[in-house]
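User: I would like to learn how to read the features of a protein model with some care, beginning with the overall fold and ending with single residues. Could you take me through one?

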Amino acid sequence: MDTIVVIGAGLAGGTAVTELRAQGHEGPIVLFGSEPHPPYERPPLSKGYLLGNESIDTAFVHEPGWYAEHDVDLRTSTTVTGLDLDARVVRTAEGEQRYDRLLIATGAQPRRLAMADEAAPTAYLRTIEDSDRIKSIFGADRRIVIVGAGWIGLEVAAAARASDTAVTVFESAALPLMGVLGPQIAQVFADLHREHGVDLRLGASVSADDLAGADLVVVGIGAIPSTELAETAGLDVDNGVLVDATLQTSRPGVYAIGDIANHDHPVLRRRIRVEHWDTAIEQAKVAARNMLGHAEPYERLPYFFTDQYDLGMEYVGRAGRDAQVVVQGELADVNALNFRAFWVEDGLVTAGMHVNDWDATDAIREQIGKPLA
């Protein structure tokens, strides 16, 4: 029977091996992961787990015994160091593993800021251990400096303020999340964090002096797809591993999913690379089925969510920077936010979101690709 190897034991890899068994694959499955943990979800690291509201046990894809029970050879603390596509061999420090079909789900790594690394104790949020370290600093007599007002930076800020930690955020753009949300909606997040006591410094550069004295600096300035292995092996790479509509790479029988996949999206009609929880799960399911002989295009629209203070938000689609934003609801009262927003390009909705409107997501998803009703 064919041997399937999955490189990367994160949420995407863990979901893929689950789907392979669910679809009836009876051959060997080997799952390599560099971390010491079995596959887990990362959103709790900046949300419920960081807040102290959730046990880390709820983040794991399966109970530890599931992999052995389903004949999945899970090799944690094992980094794949080489890949020979012609010989169909994966190399690690422990030896070689042959495969018939291969799935690459190596994810992404936080973009580093050398100046912060040299100026103060610095953390990047990617792993359970990172979340533990950040949480250990929380307290009324502590101060955290956050560089970057993206999703990670703002979620860490919200969690820190819940523990009365003093928080200063530096962001080079005029508003947080400006590139994703545009000025009107981005202002909502700026007002929200200032209302909760965050020292939000926008349009600002950061120096070593700004970081001095902080108990911890948290850097959240984006992530870089982990493409080194794929690129060295000869796969086509450009801001991630290039995959077609079915998630197959430039080499037949080799697929890539999750943060690393630069996907030729058949609905959006352009390449996108998405670093979100939902994409990791749903691409994994489609790729697993395609590895077993299907040719199913991955058509699901990007989806992500955030929880900050009493604000809950869900976003569907992908909008260009020049899209027109149409808001349905009231933005004025930061303590009573409840609205929907739609991004419209060439007369059609390309993205939509809601804030604290929990019946809205299905309706928003249905609106994508149509004139705004």
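Analyst: What follows goes from the whole chain to a helix pair and then to individual residues. This is a predicted model, in which local features need pLDDT of at least 70 and side-chain atom pairs count only at pLDDT 80 or more, while totals for chains, interfaces and linings use all residues. Residues are numbered from 1 along each chain as its sequence is written, and side-chain values use heavy atoms, with hydrogens and water left out.

User: How many helices and strands are there in the protein?

Analyst: Helices (H or I, at least four residues) and strands (E, at least two) are DSSP runs, numbered from the N terminus. On that basis the protein has 12 helices and 23 strands. Its radius of gyration is 21 Å, close to the 21 Å that the globule rule gives for 373 residues, so the protein is as compact as a globular protein of that length; the radius is taken over C-alpha atoms, and the rule is 2.2 Å times the number of residues to the power 0.38. Along the principal axes, the C-alpha atoms fill a box of roughly 60 × 50 × 35 Å.

User: What percentage of the 373 residues count as buried, and what area does the protein expose?

Analyst: A residue is buried under 20% relative accessible area, exposed over 50%, and partly exposed in between, with a 1.4 Å probe and protein chains only. Here 53% of the 373 residues count as buried. The protein exposes about 16,000 Å², of which carbon and sulfur atoms supply 45%; the areas come from the Shrake-Rupley method with a 1.4 Å probe, and for residues only the protein chains shown count as cover.

User: How should I read the packing of two helices, and at what angle do α1 and α11 pack?

Analyst: Two packed helices are described by the angle between their axes and the distance between the axes. The axes are lines fitted to C-alpha atoms, for helices over the stretch in contact, and angles run from 0 to 180 degrees between N-to-C directions. Helix α1 (residues 11–22) and helix α11 (residues 277–291) pack at about 35°, with their axes 8 Å apart. Their crossing is right-handed, a term used if the near helix is turned clockwise from the far one by less than a right angle, and left-handed if anticlockwise.

User: Which residues of α1 and α11 meet?

Analyst: Contact means heavy atoms within 4.5 Å. From α1, the residues L11, A12, T15, A16, E19 and L20 meet W277, A280, I281, A284, K285, A288 and R289 of α11. By class, this contact has nine nonpolar, one polar and three charged residues, where Ala, Val, Leu, Ile, Met, Phe, Trp, Tyr, Cys and Pro count as nonpolar, Asp, Glu, Lys and Arg as charged, and the others, Gly among them, as polar.

User: Where are V5, H193 and A341 found, and which residues does V5 touch?

Analyst: V5 is found in strand β1 (residues 4–7) and is buried, with a relative accessible area of 0%. Not counting residues up to four places away in sequence, V5 touches V30, F32, V90, Q97, R98, Y99, R101, L102 and L103. H193, in helix α8 (residues 178–195), is likewise buried at 0%, and beyond four places in sequence its contacts include L154, A157 and Y309. A341 belongs to strand β22 (residues 338–345) and has a relative accessible area of 0%, which makes A341 buried; with neighbours within four places left aside, its contacts include I185, V325 and M353.

User: Is I56, in its loop, buried or exposed?

Analyst: I56 lies in the loop between α3 (48–51) and α4 (66–69), and with a relative accessible area of 16% I56 is buried. Residues up to four places away not counted, I56 touches L45, Y49 and I128; I56 and I128 are 72 residues apart in sequence, yet 8.2 Å apart in space, C-alpha to C-alpha.

User: Which phi values do S77 and R269 have?

Analyst: S77 has a positive phi of about 50° although it is not a glycine; S77 sits in the loop between β3 (72–75) and β4 (80–84) and, at 48% relative accessibility, counts as partly exposed. R269, also not a glycine, has a positive phi of about 60°, and R269 lies in the loop between β17 (261–265) and β18 (270–272), where it is exposed with a relative accessible area of 76%.
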